[in-house]
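Colleague: I am learning to read protein models. Could you take me through one part of this one in close detail, and then show me how other parts compare with it in kind?

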Amino acid sequence: MRQGATLDGWIFFAVFTLLGIGVVMVLSTSYLYAEERFLDGFYFFRKQMIAVGLGLTALCVCVVLPLAALRRLNLALLGLALLTLVLVLVPGVGVARGGAQRWLPLAGFSFQPAEFAKLALIVYMADSLARKGTKVETFKFGVLPYLIVGGLFLALIVLEPDLGASFVLGLILFFMLFIAGVRVGHLLCLIAAAMPLLALVILGAPYRVQRLMAFFDPWKEPEKGGFQMIQSFIAFGSGQLWGRGLGESRQKLFYLPEAHTDFIFSVIGEELGLVGALTVLGLFGVIIVRGFRLAAQIEDPFGQYLAFGLTALLGLQASIHMAVVMGLVPTKGLVLPFISYGGSAMVVNLTAAGMLLNLSRRRT
């Protein structure tokens with residue numbers, strides 16, 4: 001800052017506006033559910049505020065952290081992420097909820113290693129791709145190492161199971177390889193190899209097949225596979241242009257499952273209407289456009305790949321979440337960055353935002 005470099009005001013504004021909306025919406029969507037389940041309407045809100053505090057601390061640290069120090073830590077971060085992904089699958093160590101074992105206990109809270117793994121893999125790939133330069137055009141240097149590392153991460157996350165997180169991680173891996181200059185033929189081979197595995201994962205779990213069928217026709221089973229999607233449609237339809245008003249959602253009253261996490265954008269559409277939904281969409285659009293613009297402005301290859309990966313992380317999660325609740329893609333559990341309830345995701349996404357703001361100080 002003393003050298004005249006300034007943070008990207010657009011990214012800063014968009015992140016903190018979304019964070020403010022998120023704080024309000026988590027309280028609005030979770031209060032009655034928390035009151036019913038825990039006899040404490042502020043149960044989820046209080047935990048979310050702790051996560052926001054930790055995330056903002058991480059954001060501030062990342063804004064001033066020298067990129068050279070972050071680059072030196074990339075293998076340590078990768079190793080730690082891999083270790084936590086293994087530990088979460090160990091019986092008696094990982095915490096299981098709703099048929100999935102995705103959390104590790106940490107100081108009275110739960111930590112989701114898959115969220116941290118996304119960030120660790122981005123930093124690792126940014127450093128590795130920057131070092132290799134044109135060598136990425138060869139299969140040996142440009143595909144094989146990332147196929148091994150990324151494949152291991154994806155396999156561990158699928159075993160939890162968490163198909164949503166693995167899907168996002170796989171897309172980030174693919175897009176970072178693409179912009180690094182990996183041959184299109186090699187990438188097409190990766191896609192061809194991944195499709196049968198994806199089909200096997202989906203067909204191997206009856207509930208995933210049910211979700212897929214519900215995506216094509218949610219009204220065929222309105223009380224089973226299509227229930228979530230139908231309730232989401234009702235929420236958006238009820239909101240119309242200006243919404244029912246803050247706190248006035250009806251679908252969050254035990255109709256819409258996971259209203260404070262996976263379907264929070266539906267409640268935004270109901271309470272704040274089309275105007276509120278488009279405002280949120282526009283704020284994410286600002287982050288995506290400014291983030292990719294930043295990646296194009298930076299001369300340092302590590303900074304370029306890091307800015308692209310971080311922007312892709314935030315943009316993909318937001319896009320998929322909003323596409324899911326609007327019925328554009330099959331249902332999968334993904335939070336809306338900076339808005340949905342979820343401590344691990346909040347801390348990681350604010351950390352990613354801090355890194356982006358750091359990079360914006362170093363643009364040319």
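Modeller: Here is a close look at one helix pair, followed by a small sheet and a few single residues.

The model is predicted. Start with helix 13, residues 301–325, and helix 14, residues 343–360. These two helices pack at an angle of about 140°. Their axes are 10 Å apart. Helix 13 passes helix 14 in a crossing that is left-handed.

Which residues make the contact? Helix 13 supplies Gly303, Leu306, Ala307, Leu310, Thr311, Leu313, Leu314 and Gln317. Helix 14 supplies Asn349, Ala352, Met355, Leu356 and Leu359. Sort them by kind: 9 are nonpolar, 4 are polar, and none is charged.

Now pick out one residue on each helix. Take Leu306 of helix 13 for a start. Set aside the neighbours within four places in sequence. Leu306 is then in contact with Leu67, Leu70, Ile122, Val123, Ala126 and Leu359. Leu359 is one of the helix 14 residues in the helix contact.

Leu306 also belongs to the largest nonpolar core, which has 94 residues. Within that core, Phe284 and Leu306 touch the most other members. Helix 13 gives the most to the core, with 15 residues. There is a general pattern to keep in mind here. In soluble globular proteins, nonpolar side chains tend to be buried together.

Turn to the partner helix. Asn349 lies in helix 14. Is Asn349 buried or exposed? Asn349 counts as buried because its relative accessible area is 1%, and the cut-off for buried is under 20%. Leave aside its neighbours within four places in sequence again. Asn349 is in contact with Leu314, Gln317, Pro337 and Phe338. Leu314 and Gln317 are both among the helix 13 residues of the helix contact.

Next comes the sheet. The sheet is open, with 3 strands in the order 1-2-3. The pairing is antiparallel. In general, strands of a sheet pair through backbone hydrogen bonds, either parallel or antiparallel. Strand 1 (95–97) and strand 3 (109–111) are the edge strands. Each of these edge strands pairs on one side only. From one strand to the next, the twist averages 50°.

Follow the strands in order. Strand 1 is joined to strand 2, residues 100–106, by 3 bridges. Arg97 has Ala100 of strand 2 as its bridge partner. Ala96 has Gln101 of strand 2 as its partner. The hairpin of strand 1 and strand 2 has 2 residues between the strands. In this hairpin, Gly98 takes a positive phi near 60°.

Strand 2 then pairs with strand 3 over 3 bridges, in the antiparallel sense. Pro105 stands opposite Ser110 of strand 3. Strand 2 and strand 3 also form a hairpin, with 2 residues between them. Ala107 sits in that turn and has a positive phi of about 50°.

Positive phi turns up in the loops as well. Where does Gln240 lie? Gln240 is in the loop between helix 11 (227–239) and helix 12 (264–297). Its phi is positive, about 50°, although Gln240 is not a glycine. Gln240 counts as exposed because its relative accessibility is 61%, and the cut-off for exposed is over 50%.

Glu258 is placed in the loop between helix 11 and helix 12 too. Glu258 has a positive phi near 55° and is a residue other than glycine. Its relative accessible area is 41%, so Glu258 is partly exposed.

Two prolines finish the tour. The peptide bond from Glu160 to Pro161 is cis, with omega near -5°. Pro161 has its place in the loop between helix 7 (144–158) and helix 8 (163–180).

Pro206 is found in helix 10, residues 206–216. Pro206 counts as exposed because its relative accessibility is 67%. Pro206 and Val168 are 38 residues apart in sequence. In space, C-alpha to C-alpha, Pro206 and Val168 are 22 Å apart.

Technical notes. Residues numbered from 1 in each chain as written. Predicted model: local features only at pLDDT ≥ 70, side-chain atom pairs only at ≥ 80, totals over all residues. Heavy atoms only, no water. Axes fitted to C-alpha atoms, helices over the stretch in contact; angles between N-to-C directions. Helix = DSSP H or I, 4+ residues; strand = E, 2+ residues; numbered from the N terminus. Left-handed = near helix turned anticlockwise from the far one by under 90°. Contact = heavy atoms within 4.5 Å. Nonpolar A, V, L, I, M, F, W, Y, C, P; charged D, E, K, R; others polar. Pairing = 2+ DSSP bridges. Core = buried A, V, L, I, M, F, W, Y, C linked by side-chain atoms within 4.5 Å. Buried < 20%, exposed > 50% of the residue type's maximum accessible area, 1.4 Å probe, protein only.
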